[in-house]
Amino acid sequence: MMHRFVSIVTSLRLTVVCLVAALILVFVGTLAQVDLGLYAVQAKFFRSFFVYWTPGGGRWSIPVFPGGWLIGLVLLANLLAAHVKRFRFTPRKYGILLVHSGLIFLLIGQFMTEIFQVESTMRIEVGGTKNYSEAPRRAELALVDVTDPDKDKVVVVPESVLAKGGEIRAPELPFALRVKRYLPNSTPAGPMTGEGEKIRATKGIGRQLLFSPAPITTDMDSEDNPAALIQVVSDKGPLGDWTVSTWMTRYPEFERLQNSLGSILGNTPLTQPQSFTFGGRTWQIALRPLRYYKPYAMTLLAFHHDLYPGTDIPKNYSSNVHLHDPATGEDRDVKIFMNSPLRYRGETYYQASFEPGDRGTILQVVRNPASVTPYVACSLVALGLVVQFLMHLSGFARKRAQSLEAAPPQRTSLEPVLAPARANGKRSSI
Amino acid sequence: MVRFTCSYRLLALALVVGGLAMPWVVRADEGIKTYTVPKEQPAPIQPVAAPQSMGMDSAMPASDIPVSSAPVSWTTPAGWQELAPTSIRLGNFLIPGKGGGKAEVAIFSFPGSVGTELDNVNRWRNELQLPPVDADKITSEPVAIDSLPGRLYDISGASSRTVVASLPKDGATWFFKMRGARDTVAEAKPAFLDLLRSIHFNAAGSAAPPAPAFDATMPSPHANMAAAPAEAAGEEPKWTLPPNWTEKPAGAMIFKSYSAANGQGRIASVNISFFPGDVGGVFANVNRWRRQLGLPPVGQDQLAAVTQPLATAGGRATLVDFAGTDSKTGQAARLVAVMVPHGDNTWFYKLSGEGSVVGDQKESFVKFVQTVRYP
């Protein structure tokens with residue numbers, strides 16, 4: 001059985017099957033972009049082990065086709081196994097082995113990057129301090145106990161749990177959350193946006209600010225803004241319904257909405273968290289971009305937007321930040337600017353954007369445990385090429401020396417070059 | 001043909017089991033989590049000022065510094081007050097005029113074509129309380145903006161005037177709009193043309209700008225939630241309530257709500273709301289109200305038959321009076337509603353309730369609407 005298994009894994013047939021599956025996946029995934037948009041297709045078809053199908057909006061998903069990761073992994077295993085089975089190691093193939101190892105390392109590194117890389121953004125206003133970054137296109141329901149003067153207890157419920165609806169209970173929450181409505185994408189609603197059913201709360205800003213369903217965004221430059229109607233339920237009964245949406249928490253949506261709504265909301269700041277009291281403790285509730293908390297904090301001291309003198313052409317964008325890490329004692333100022341990111345605790349902070357009026361900076365935060373693999377892979381490939389070249393060169397030099405010793409000086413200048421090839425009966429090549 | 005031997009079956013089984021288990025494996029970190037974090041320190045409130053610009057001559061006037069976020073730059077004409085940009089308005093100016101008049105200028109852009117030329121012109125006309133025109137009555141002149149061909153529209157109302165330049169560029173439409181008191185706009189028009197001549201699209205401006213959700217001066221992509229500048233600033237219209245009207249808590253999206261009692265103590269409801277833009281226009285709103293009363297929708301050609309023009313202090317308005325069955329309660333009901341386009345907004349006044357009470361209150365209601373003084 002083992003022999004049979006090895007023959008399958010190393011078979012060319014499996015290679016062809018994988019390549020055909022990849023072909024189909026790319027074709028179907030490309031077509032699906034029309035309805036789902038780029039990011040959803042990437043997640044569903046390519047950054048997945050399987051393409052799942054959920055029949056009739058049910059709770060079960062069935063794998064119906066291999067995803068990009070699985071095809072890549074099987075293909076890699078197939079190539080490696082075939083290599084191991086058929087490759088005959090000889091010292092003359094050191095270079096080729098290194099080159100192939102580099103390429104395989106590159107593929108593995110890219111796979112690790114796909115799985116483990118986390119990209120987020122940190123938006124800091126001048127003078128502000130942040131100890132978290134926010135994920136684009138992902139949201140979480142946050143219940144924050146703000147009673148203590150120094151620290152907040154944060155309980156976060158991922159959007160995927162919200163999407164399932166029903167009742168949510170967590171040991172850290174003294175109440176239950178009932179998801180009465182969940183809109184994957186929403187739009188603020190007025191009297192003429194009555195096509196879909198609007199969500200209306202009994203507590204908080206959602207009494208005045210309504211949301212109605214919106215189609216899922218397929219545009220690359222736009223993000224969905226989910227909304228939900230959450231009922232907080234104690235042992236004695238419901239405490240009320242709150243409307244939550246990233247319209248109120250994601251920049252720049254909340255700023256646009258705030259500008260737009262004006263006195264309709266009684267000039268209540270949208271960013272003012274909705275809160276309620278239960279059991280003598282004050283809780284805030286919000287649907288916000290998914291946060292990655294850091295054990296350190298960064299304060300934006302200044303943001304600079306330089307121009308070439310006498311022109312409107314941007315010369316440089318830079319952020320002067322103060323890094324404070326109580327755990328390590330790190331306490332220093334850092335300048336982050338174009339092509340000069342800050343690397344700290346496995347994360348890289350790039351200068352990405354800024355707020356209108358230079359009011360703040362937006363840093364892209366990348367955590368990639370496999371970030372070193374491309375460098376190692378390229379080094380292996382380069383080393384392999386050099387080794388292979390030197391081996392050929394030494395062989396050539398050796399043969400040339402032998403031919404010079406064996407034969408008198410030749411008439412043409414090309415003869416020393418051609419002689420070793422003739423001796424082998426073929427052309428010399430590197 | 002692949003023969004499904006025992007090994008193939010094992011491989012297939014492993015893949016299926018793996019596939020079924022993978023969602024739980026991959027989503028294992030997507031459960032409910034709890035953190036204890038230091039309290040977030042809010043950023044100090046900063047004045048929204050002209051952008052900082054290291055390396056620039058500090059003596060350079062702020063107006064000459066392009067807005068940092070803008071993919072467009074300009075030279076602000078002398079005497080104009082440059083206001084802080086908003087998330088919508090890349091350029092934002094106030095022009096003080098003689099005799100207390102003033103005008104404002106906004107530079108903004110939207111993805112796409114933002115409706116037809118006729119839609120845009122009639123919206124601008126509506127802001128000036130002018131009736132709509134047909135496409136063949138539109139007047140405009142060509143204008144070059146950063147060497148690109150745009151169109152310039154100049155529309156005068158009774159007391160206000162709008163001058164707008166529009167420019168389609170890279171899948172977006174740019175608008176340069178001046179609106180204000182007639183005299184002030186007339187006086188500022190040469191400077192406005194200078195501003196257009198100074199416009200320069202930066203390299204970043206070649207890309208379509210991000211889709212702003214709302215804007216004070218444009219129809220919102222979301223139909224009705226655009227900015228309401230005057231009202232947002234806290235300036236509210238002034239009115240005198242008829243007798244027997246008492247204020248009650250306003251519902252969602254309602255600005256003010258009143259109970260209007262007749263002599264027998266029976267009560268009708270008065271709701272006042274305002275929304276930026278034309279909120280779908282008269283036609284859409286008329287049919288919305290008809291749906292609420294279980295009445296069949298009317299066509300455009302029947303609109304005149306079911307609406308009445310109404311002169312108000314805020315400008316030309318539209319009144320409807322429908323009787324039908326309340327679609328929510330199933331009771332006979334009557335609805336009198338007035339749409340008053342004013343400035344960038346449309347105000348809605350709605351009297352609804354039992355037919356007899358609404359009939360008793362209609363005269364007071366109409367007078368009330370006519371005498372509302374807008375900021």
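Before anything else, a definition: pLDDT is the predictor's confidence in each residue, given on a scale from 0 to 100. I start there since the model you have in front of you is predicted, and in chain A the pLDDT averages 85, with 89% of the residues scoring at least 70. There is an exception in residues 426-430 of chain A, where the pLDDT is below 50 and where the stretch has 7 contacts in the model beyond near neighbours in sequence.

For chain B the average pLDDT is 73, and 66% of the residues score at least 70. Residues 45-70 of chain B have a pLDDT below 50, with 49 contacts in the model beyond near neighbours in sequence, and residues 204-234 of chain B also have a pLDDT below 50, with 100 such contacts. For the model as a whole, the scores are ipTM 0.72 and pTM 0.55.

Let me now set out what each chain contains. Chain A has 8 helices and 18 strands, and 28% of its 430 residues are buried. Chain B has 7 helices and 17 strands, and of its 375 residues 39% are buried. If we take the contacts in chain A with a separation of 6 or more, 56% of them are between residues 24 or more positions apart, and the corresponding figure for chain B is 53%.

With that in place, I would like to look at two helices. What separates the end C-alpha atoms of helix H2 of chain A, residues 12-46, from the span of a straight helix? H2(A) has 35 residues, and at 1.5 Å a residue a straight helix would reach 51 Å, but the end C-alpha atoms are only 23 Å apart. H2(A) also has a kink of about 120°, centred on Leu36(A). The buried residues in H2(A) are Leu14(A), Cys18(A), Val41(A) and Phe45(A), and what covers them includes helix H1, strand E1 and helix H3 of chain A.

The second helix is H7 of chain B, residues 355-371, whose 17 residues should span 24 Å at 1.5 Å a residue, and whose end C-alpha atoms are indeed 24 Å apart, which agrees. H7(B) nevertheless has a kink of about 45°, centred on Lys362(B). Several residues in H7(B) are buried, among them Val357(B), Gln361(B), Phe365(B) and Val369(B). As a general point, an α-helix has 3.6 residues a turn, so residues three or four places apart point the same way.

Turning to strands, chain A has an open sheet of 4 strands, in the order E6-E7-E10-E11, with antiparallel pairing. Strand E6 and strand E11 of chain A each have a single partner strand, so they stand at the edges and one side of each is left without a neighbour in the sheet. From one strand to the next, the twist averages 30°. E6(A) pairs with strand E7 of chain A, residues 176-183, over 3 bridges in the antiparallel sense, and in E7(A) the residue Arg178(A) is the bridge partner of Glu167(A).

I will finish with a single residue, Ser133(A), which is found in strand E4 of chain A, residues 129-145. Is Ser133(A) buried or exposed? Ser133(A) has 25 other C-beta atoms within 10 Å, and because a residue counts as buried at 20 or more, Ser133(A) is buried. Leaving aside neighbours within four places in sequence, the contacts of Ser133(A) include Ser120(A), Met122(A), Tyr292(A) and Val365(A). The C-alpha atom of Ser133(A) is also separated by 8.0 Å from that of Lys294(A), which is 161 residues apart from Ser133(A) along the chain.

Methods:
Residues numbered from 1 in each chain as written. Chains lettered and ligands numbered in written order. Predicted model: local features only at pLDDT ≥ 70, side-chain atom pairs only at ≥ 80, totals over all residues. Contact = placed C-beta atoms within 7 Å. Helix = DSSP H or I, 4+ residues; strand = E, 2+ residues; numbered from the N terminus. Buried ≥ 20, exposed ≤ 12 C-beta atoms within 10 Å, placed from the backbone. Expected span 1.5 Å × (residues − 1). Bend = angle between axes of the 7 residues up to and from the residue. Pairing = 2+ DSSP bridges. Axes fitted to C-alpha atoms, helices over the stretch in contact; angles between N-to-C directions.
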